[in-house]
Every structure is written in C-alpha cells, then in structure tokens.
Amino acid sequence: MQEDSGKAQADEVRFLDKDGQGPDAGQNGGELDHWASALTEGQWKAWQIGVGMALGAAGGLCLFYLGGTQTFGSVGFLLAIAILLLVPNILQRSLSRSIHMGRITSILSFTLALLVYFLINLPA
C-alpha cells in the first residue's frame, strides 16, 4: 500500500514544473496572458515597473492612511498584505511570463512609502 502511494506521488511530482504547476500551466492562458506575451521585453519591464510602483503605493496607502482611521483600523493592514502578496501571486498564476521585476519594484515602492511616512510623522 505504501509503495503504491509513493509511486503515485512520484508520478505527480514528475509532471509538475518548478512552480508546482502542470505542464500546461500558462499554455491556455486567458486574454491577459495573450496580451502579456505579445509585449516586447522592454515593454514588459516597463509594465512591471509601473504596476509594481502602483501596488507598492496602494499597499502604503492602505497601511498608513486607511490603517490610521477608526473605521478601517487593522483592515488597512490586511488590505496591504492582500495587495502586496496576493495580487502578484494571482497575476503570476495567470501569466506565462515572470513578474519578478514587478515584485521587487512593489517592495521598493512600499519601502519608500514607509520611509516617507516615518519622516513626515517624525517626533519633534
């Protein structure tokens, strides 16, 4: 019994690529995947940088602006996590191209928002 489950697990692992997705992942992508694959490498980097900056700024806005209100409170923190972690993961699953540059840009943009927030609210 244990040998059968080990063999089934080995067969499953054999058909997965390095991202844990099957061999057809990204092959039958939607309209977004077709659009992204039609871009040149320079255009793709520019889009990644723009989207990364927008995600970092949106995460900073959620954390510092919405998180500081009584209405939203800690929901701003949860929205920032969703924007900075979940949105890139969802995009990566639906695209056949790497979004590594966009992730790095969003982290740097969020770090810049964090720095600006602390400089503005620096105690006197």
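User: How are helices and strands assigned here, and how many of each does the protein have?

Analyst: Helices are DSSP runs of H or I of at least four residues, strands are runs of E of at least two, and both are numbered from the N terminus. In this predicted model, the secondary structure comes to 5 helices and 0 strands. Read along the sequence, the pattern is α-α-α-α-α.

User: Which residues does UniProt list under "transmembrane region"?

Analyst: The unreviewed UniProt entry lists residues 46-66, 72-91 and 103-120 under that name. Such a record can be set beside the model. Residues 46-66 are 100% helix and 0% strand, with end C-alpha atoms 29 Å apart. Residues 103-120 are likewise 100% helix and 0% strand, and their end C-alpha atoms lie 26 Å apart.

User: What share of the residues counts as buried, and what supplies the exposed area?

Analyst: A residue is buried when its relative accessible area is under 20% and exposed when that value is over 50%. Of the 124 residues of the protein, 22% count as buried. The protein exposes about 9,000 Å², and carbon and sulfur atoms supply 65% of that area.

User: Where on the surface is there a nonpolar patch?

Analyst: Phe77, Leu78, Ile81, Leu85, Leu86 and Ile90 form one, with about 590 Å² of accessible area together. Ile90, one of these residues, lies in helix H4. Ile90 counts as exposed because its relative accessibility is 54%.

User: Is Arg97, in the loop after helix H4, buried or exposed?

Analyst: Arg97 lies in the loop between helix H4 (75-94) and helix H5 (100-120). Its relative accessibility is 15%, so Arg97 counts as buried. The side chain of Arg97 makes a polar contact with the side chain of Glu41, at 3.1 Å. Leaving aside residues up to four places away in sequence, Arg97 touches Ala36, Ser37, Leu39, Thr40, Glu41, Trp44 and Gln92.

User: How should contacts between residues apart in sequence be read, and which residues does Gly102 touch?

Analyst: One may begin with the separation in sequence of the contacting residues. Among contacts between residues at least 6 apart in sequence, 64% join residues at least 24 apart. Gly102, in helix H5, offers a local case. Gly102 touches Gln48 and Gly52, not counting residues up to four places away in sequence. Gly102 and Met53 are 49 residues apart in sequence, with their C-alpha atoms 7.9 Å apart in space. At 12% relative accessibility, Gly102 counts as buried.

Note on methods. Residues numbered from 1 in each chain as written. Predicted model: local features only at pLDDT ≥ 70, side-chain atom pairs only at ≥ 80, totals over all residues. Heavy atoms only, no water. Buried < 20%, exposed > 50% of the residue type's maximum accessible area, 1.4 Å probe, protein only. Polar contact = N/O pair within 3.5 Å; in protein donor to acceptor, adjacent residues only side chain to side chain. Contact = heavy atoms within 4.5 Å. UniProt positions renumbered as here; feature names shortened; annotations may be inferred. Patch = residues over 30% accessible without salt bridge, like charges linked within 9 Å, V, L, I, M, F, W, Y side chains within 5 Å. Areas by Shrake-Rupley, 256 points an atom, 1.4 Å probe, with all protein chains shown as cover. Salt bridge = Lys/Arg side-chain N within 4 Å of Asp/Glu carboxyl O.
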